[in-house]
Amino acid sequence: MPILEARSLTKTFRRPDKAPGFKGALKHLAQRRYKTYTAVDAIDLAIEPGESVAYVGPNGAGKSTTVKLLTGILRPSEGTVRVMGRDPHTERIANAHDIGVLFGQRTQLWWDLPVEESLKLLKHMYGVSDADYKARIAKFDELLDLGEFMPSLARTLSLGQRMRADLACALIHAPKMVYLDEPTIGLDISVKDRLRAFLRELVDEGTTLLLTSHDLADIEEVCERIVVIDKGTVAYDGPIQQLKAHYITTKAVNLILEGPADVPALAEKFPEYGWAAGEAPSEVVVTYESNRFTTAEVLGGLTAQLAPRDLSLSEPSIEDVIRRLYAGELTR
Amino acid sequence: MAKVDVALATIAFKRKIAYKGTWFFSILFGGFSLLAGLAVWNHLIGDGEMGGYDWDAMKAYLIIGFLTSTLAWAGSDWEMANRILDGLIAIDLTKPVDFQRARAGEFIGGMVASVPSAILGTAAAVLVFRPAPPDSVLAAALTVASILFIFPLAFGINYLAVLTCFVTQRYLGVQWARDSMLAFFSGMMVPLALMPAWLQTVSWSLPFVHFTTTPASIYLGRVDLPAALGLLAAQAAWSVGLWVLARLLWSQLVKKVTVHGG
């Protein structure tokens, strides 16, 4: 039974329809006009317990609105949501006990107090026992180095520290379902790596995770399933590996030859592959259709005939697939 | 009161006293308005009386006005409004607490932070200006009870004002309207006794009157015991009424919550 289930989930907003300039402002004052736009359009989504799902899409696609609908912040215009059998909007307080939420762009720390005070207040809110609180803080300290800035005022934290503290706030009550909206936004590589390792551990422990991010490395490293949303509708929903296998049919091998590469001659000799010059004179990039040739076949043939000094395989990039999905070049 | 309400009030208290400069200026300028009021009313009353207030009674009235206005304006209504307007309400709605009770805890915690400065300022004013004493020990006790009702009343009025942000999308105008009504109809600006009868009737039909006129009337013995108890009952009724009204309003407004962006 899914831990989260949304059916025909729709959210429409009313936006002021205002002409630019002074005249437009006056006209809007006298006669208000609004336009209705659909941020989330009849989305169906089901998440099983323990799943880690990436929810991705271009800016304005409706990702954050969906998260707000799923967490009970917003009321759906149409459709239904059930999280652990509850309607998260009408049963907001009960639902909030079992979920953890992090909005990368909005902090839940009390700005003018030490981080520790925020965490202690959340302990009271969620009714976390002293023993559990101590154990979780110790764990967060071990994985996120929380101890170093626990006594610091929230407003004095760096972005990376703030995000780590916010993550601790979202998880202090060991929620069953966690929503992370852009948890690595603006962070440097080392902090990102740390957060991803922490999230992987969280998923391994059985927490259900819904992650939105523009950083595709977050998605690949943390999630197994991906839901791509565009213009409020689902463009793809399935395992990340399947997405790659289905849409990434062109693979590449970089060869470094003993001498300068004669690309036209190689293309004539091996017309079944694509050939392009590499960065160095002796480097050449060979592309092949993975549904026609296996990597072993390609490598076997090329190494036997060209005896390259070195070679490397280019991993299929999910980024390219998602870019093409956004651009409408690929369909479900 | 649950543990979490106390924890929220404590956090608000700590946040308020975290800014020493603001705290100091609030005492300084609160004291300035009291001194200005005393100077103006001394000039107007002289050795006579106005609206039944002689100079000693007026001093007591103004000092009570200083105390009650210091408390009434000490809450964090701006912060509540900004959280709605900036979308931080999204964070509040993911917490397992009743929204209104949580805001009440924070607001009253902020008010409590102003109690030391209000008491200090009042004590200093009493020592320096020697106002009329309370009408009786019982009147003094009932005045304290009446002042305590300012806490739920201030929350009710401020919270309702803040909720209008869901519709207005801006707080400034609402805040001006609330401040003007509070200052005028409470009698903080001019004692009600000096207003035309019809305006007094309007004032007594509003909750604002219970901020200054009610405690001052009880303190100075301008109302007898049954009337004083009636005023306390009215304060209690308004506190409950505003709470219930806010609940009803919230149940509709929560459907209209809009938080754009990530």
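1. Gln169(B) is exposed, because 11 other C-beta atoms lie within 10 Å of its own and the cut-off for exposed is 12 or fewer. Its place is the loop between α10 (165–168) and α11 (172–185) of chain B. Phi of Gln169(B) is near 65 degrees, a positive value in a residue other than glycine. This and every point below refer to a predicted model.

2. A second positive phi belongs to Asp145(A), near 55 degrees, and this residue too is not a glycine. Asp145(A) sits in the loop that runs between α5 (130–144) and α6 (159–171) of chain A. Asp145(A) counts as partly exposed because it has 14 other C-beta atoms within 10 Å, and that class lies between the limits of 12 or fewer for exposed and 20 or more for buried.

3. On chain A as a whole: there are 12 helices and 13 strands. The C-alpha trace spans about 70 × 60 × 45 Å along its principal axes. Chain A has 332 residues, of which 37% count as buried. Among contacts in chain A between residues at least 6 apart in sequence, 70% join residues at least 24 apart.

4. The domain assignment splits chain A into domain 1 (4–245) and domain 2 (249–315). Taken over C-alpha atoms, the centres of domain 1 and domain 2 of chain A are separated by 43 Å. UniProt, in an unreviewed entry, lists residues 4–256 of chain A under "domain: ABC transporter". Over residues 4–256 of chain A, the chain is 38% helix and 29% strand, with 50 Å between the end C-alpha atoms.

5. Thr250(A) is worth a look, as it falls in domain 2 (249–315) of the assignment and also in the UniProt range 4–256 of chain A. Thr250(A) belongs to strand β10 (residues 250–256) of chain A. Thr250(A) is partly exposed, because its 14 other C-beta atoms within 10 Å put it between the limits for exposed and buried. Neighbours within four places in sequence aside, Thr250(A) is in contact with Thr287(A) and Glu289(A). Thr250(A) and Gly274(A) are 24 residues apart along the chain, and their C-alpha atoms are separated by 9.8 Å.

6. Helix α12 (residues 318–326) of chain A has four named buried positions: Ile318(A), Val321(A), Ile322(A) and Leu325(A) are buried. Viewed down the axis of α12(A), the buried residues fall within an arc of 95 degrees, so they line one face of the helix. What do the buried residues of α12(A) pack against? Their partners are β3 (52–56), α8 (216–222), β8 (225–230), β9 (233–239) and α9 (240–247) of chain A.

7. Contact between the chains involves 28 residues of chain A and 23 residues of chain B. On the side of chain A that touches chain B, the elements giving two or more residues are α2 (63–70), α3 (92–98), β5 (99–103) and α4 (115–126) of chain A. α4(A) gives the most, with 5 residues. By type, the residues on this side of chain A divide into 12 nonpolar, 8 polar and 8 charged.

8. The largest nonpolar core has 141 residues, and those touching the most other members are Ala54(A), Ala168(A), Leu211(A), Ile226(A), Tyr61(B), Ile150(B) and Ala154(B). Helix α3 (residues 55–72) of chain B supplies the largest share of this core, 12 residues. Tyr61(B), leaving aside neighbours within four places in sequence, is in contact with Tyr53(B), Pro191(B), Ala216(B) and Leu220(B). Apart from the largest core lies another, of 11 residues, including Val253(A), Ala261(A), Tyr273(A) and Val286(A).

9. For chain B, the unreviewed UniProt entry lists residues 23–45, 57–75, 107–129, 141–168, 180–199 and 225–246 as "transmembrane region". How much helix is there in residues 57–75 of chain B? That span is 84% helix and 0% strand, and its end C-alpha atoms lie 29 Å apart. Residues 107–129 of chain B are 96% helix and 0% strand, with the end C-alpha atoms 32 Å apart.

Key
Residues are numbered from 1 along each chain as its sequence is written. Chains are lettered from A and ligands numbered from 1 in the order in which they are written. This is a predicted model: local features need pLDDT of at least 70, side-chain atom pairs count only at pLDDT 80 or more; totals for chains, interfaces and linings use all residues. Two residues are in contact if their C-beta atoms, placed from the backbone, lie within 7 Å. Ala, Val, Leu, Ile, Met, Phe, Trp, Tyr, Cys and Pro count as nonpolar, Asp, Glu, Lys and Arg as charged, and the others, Gly among them, as polar. Domain bounds come from an automatic or database domain assignment. UniProt positions are given in the numbering used here, feature names are shortened, and annotations may be inferred rather than shown by experiment. The arc is that of the directions from the helix axis to the C-beta atoms. A nonpolar core is a set of buried Ala, Val, Leu, Ile, Met, Phe, Trp, Tyr and Cys residues joined through C-beta atoms within 7 Å.
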